[in-house]
Amino acid sequence: MTKNTQSTDHYFRSLNRNIILIIIVVSVIPLIIVSSTIYYQFRASYHAKVNDHLRELVQSHVQNINHFLQEKLSNIRLLGDNWGWDRLADESILKERLATLQKCFGQDFVDLGVINAAGEQIAYAGPFKLAKADYSDAEWFHKAIQSEFFISDVFLGLRGLPHFIIAVRNSGEDGHWILRATIDFVRFTTLVENIRLGQTGFAFILNNKGELQTTPITKPTADIIAGKTIYAEFLAQPPISRGKVGVAVKLDLAEHENIYIAAFLKNGDWLLVYQQRMADAFADLDKTFLITTVLMFFGLVAIIIMAFTLSQTVVKRVAKADSEKQLMSKKVVETGKLASVGELAAGIAHEINNPVAIMVEEAGWMGDLMEEITFDESENRAEFERAIKQIQTQGRRCKEITHKLLSFARKTDATIHDVNIKELLEEMVTLSSQRAKYSMVEIRTDFAPNLPSLRVSPSELQQVFFNLINNAIDAMDHDGGTLTVSAHHRDNYLVFAVSDTGMGIPEANLNRIFDPFFTTKPVGKGTGLGLSICYGIIEKMGGKLEVESMLGTGTTFIVSIPFQKDTDRQH
Amino acid sequence: MTPPLVMLVDDEVPFVETMTKRLAKRDLNVISAFSGQEALETIDKHRNVDVVVLDVKMPGMDGIETLKKMKAAYPLIEVVMLTAHATVESAIEGMRFGAFDYLMKPCDMEQLMGKVNEATRKKRDHEEKIREAHVKEIISKRGF
């Protein structure tokens, strides 16, 4: 017993575990697949979007800076062409021109200088004391004299401050001369500084040698120097691809992943680099990832809680159904046992009955003879009479016992005969008529003419109709009504219907009425076996027992039993 | 009244034999048969049998079947069924086919005698009525 309970417990535990596992697996896998797919797609498109945006930003700034330089260059060229050596060599005119330029373009121009072919500064307008300065050794001068115009890298020069110059070569009577303007380094740097995104995004310009041409706002000089390799990679690009915007992702000194966007400007001399930490550039994506993870976590927790609750409910129900089933099968087994015991008892009783009958008869015969014979008045005669009486008394006792046993077994005679259906039904109706009268039930019959006979056990069929008619009368017990018993033949079937005008059977009970031990009658009134026995009998006859019921209108039980046609029977 | 002629039918030979002796001792004329078939044959020879005491359960032709055939051939003969079944079904069935009454085995001699006498009276009354009807018919025909 304990072992049995243990194995049942084990079964329910493993059932519980399996249900939980199934629910979790079935729910979590799609959740993970869907979430990761969505996140992956979102991440890819977000990356593309951010990259595009940064490229766009860098490209537009490159254009801006190019445009700025072009504009300054044009201004100086125009100045040189229009005013010529003679006038510009006059320092007062040059100062006047600088003032005009500063008036028109703000503080973009710091100073102006006019330099002859020998590298001597003939005239100077500006805040520094650079009059008569000698540039014959300056690198920029050599480059400037060799081309029509020249924009230098940033350098310290004579003034010792970072700046860059725009130089335009003009031709005069005494050969070439140069008009030079210094561009405000701070103003220029502002152009690049404008590119600021997030917490860590900044931009700067490098020249071909990898030297800074602007001051980065965050001054991560160390980074920039350390990251030279990455800049070098950009700078090493062949001139043909220099019009494009390059993108790279690398680790910086502090082991942070950075995104680098670079584009060449000033005809490939300078490189505008924008750099930002990945974590910063994709901060929104990380936030989304966090939200997704949190949501997924809560989803998982919800699934697990649901799985546990659901499995427990299911297991509880299964256990309940199981114990009900066990109880039911126990009942069925008990009933079966009782039936076999009954049959056995009936068999024994019947076999014993005959010998007992003979014994009783013999004793009776002896009694009869005793009356005839005239014994001597001795003690023996009295003893004989007593003994014979005793045999008869005990015989009668045996008879009582066997009859009780037989009535307990109460086995219906299952012998098959040809049964005249009309007679059988009429008899059943007559038997029930008295009861019906007390219940104010009117019984109507509707039998088709020429009903064929059935080869069945009449006792069993009687039992079925007795049950159905009694149930119908019970259904109308309070208010009376009409009970209709009909019989017709349809195809190879005899179809009987027992209808009442009672309260009907609720739909919930309709499926269960043929179940053994199901009864709605008060305790002690019904065993719940009647309809289930009827069902069994009709099934055994190869027929069908069906029920139709409407609440408040009544119930009809329909019995269909196949009959053999005379031609079939001859076969 | 002449003593009734009773036929005992049962497959249990000792039972029939003893019962015969006991009934004979009570001034009844008794003949016996040990199967349904034999009973039908015997009755053909002794048409004046008044009452048949017939066991329901017998091998071969059972009591009900024998009863049906007997009643079909000799409707006036009264039959008392003997049954070992405590159920009334078989007895009722027998009575439906024309049996006079039923008794349960083993039976009380006084009870049996009572039933036999009743049945005989019924049969004799019946015969008397038929005889009277005959007489009336003869009288009316002859114009007395």
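Visitor: What makes β1(A) count as mostly covered?
Guide: Seven of its eight residues are buried. A residue earns that label if 20 or more other C-beta atoms, placed from the backbone, lie within 10 Å of its own; 12 or fewer makes it exposed, and in between it is partly exposed. This is a predicted model, where local features need pLDDT of at least 70, side-chain atom pairs count only at pLDDT 80 or more, and totals for chains, interfaces and linings use all residues. As for labels, residues are numbered from 1 along each chain as its sequence is written, while chains are lettered from A and ligands numbered from 1 in the order in which they are written.

Visitor: How do you know that β1(A) and β5(A) pair?
Guide: Two strands pair if DSSP finds at least two bridges between them. Here there are seven, and the strands run antiparallel. One spot to look at is Gly113(A), which stands opposite Arg180(A) in β5(A).

Visitor: And what links β1(A) to β2(A)?
Guide: Four bridges, again in the antiparallel sense. Ile115(A) faces Gln121(A) in β2(A). The two strands make a hairpin with four residues between them, and Gly119(A) in the turn has a positive phi of about 95 degrees.

Visitor: Why are β2(A) and β3(A) called edge strands?
Guide: Start with the order: β2-β1-β5-β4-β3 in chain A, an open sheet of five strands with antiparallel pairing. β2 (121-125) and β3 (149-151) of chain A each have a single partner strand, so one side of each lacks a neighbour in the sheet. From one strand to the next, the twist averages 15 degrees. For β3(A), the partner is β4(A), residues 164-172, joined to it antiparallel by three bridges; Phe149(A) sits opposite Val168(A) there.

Visitor: Which helix packs on that sheet, and what does it touch?
Guide: It's α3(A), residues 139-146, touching β1, β3, β4 and β5 of chain A. A contact needs two C-beta atoms, placed from the backbone, within 7 Å of each other. The direction of α3(A) makes about 45 degrees with that of β4(A). Angles like this run from 0 to 180 degrees between N-to-C directions, with axes fitted to C-alpha atoms (for helices, over the stretch in contact).

Visitor: Over in chain B, why is α2(B) called roughly parallel to α3(B)?
Guide: α2(B), residues 36-45, and α3(B), residues 63-73, have axes that come within 9 Å and cross at roughly 20 degrees. That makes them roughly parallel, because the label covers angles under 35 degrees (over 145 is roughly antiparallel, 65 to 115 roughly perpendicular, the rest oblique).

Visitor: What is the hand of that crossing, and which residues make the contact?
Guide: α2(B) and α3(B) cross right-handed: the near helix is turned clockwise from the far one by less than a right angle, where anticlockwise would make it left-handed. Gly36(B), Ala39(B), Leu40(B) and Ile43(B) come from α2(B), and Glu65(B), Thr66(B), Lys69(B) and Met70(B) from α3(B). By class, that's four nonpolar, two polar and two charged. Ala, Val, Leu, Ile, Met, Phe, Trp, Tyr, Cys and Pro count as nonpolar, Asp, Glu, Lys and Arg as charged, and the others, Gly among them, as polar.

Visitor: Which way does α11(A) cross α13(A)?
Guide: Left-handed. α11(A), residues 458-475, and α13(A), residues 530-540, pack at about 145 degrees with their axes 9 Å apart. Val464(A) and Leu468(A) are among the α11(A) residues in the contact, and Leu531(A) and Ile537(A) among those of α13(A). The contact has six nonpolar, four polar and one charged residues.

Visitor: What makes β4(B) count as largely enclosed?
Guide: Six of its six residues, 78-83, are buried, so the rest of the structure largely encloses it. Glu78(B), Val80(B) and Leu82(B) point one way, and Val79(B), Met81(B) and Thr83(B) the other. Five bridges pair β4(B) with β3(B), residues 51-55, in the parallel sense, with Asp55(B) partnered by Leu82(B).

Visitor: How many helices and strands are in chain B?
Guide: Five of each, in the pattern β-α-β-α-β-α-β-α-β-α. Those elements are DSSP runs numbered from the N terminus: H or I over at least four residues for a helix, E over at least two for a strand. Chain A has 14 helices and 16 strands. Buried residues make up 39% of the 144 in chain B and 26% of the 571 in chain A.
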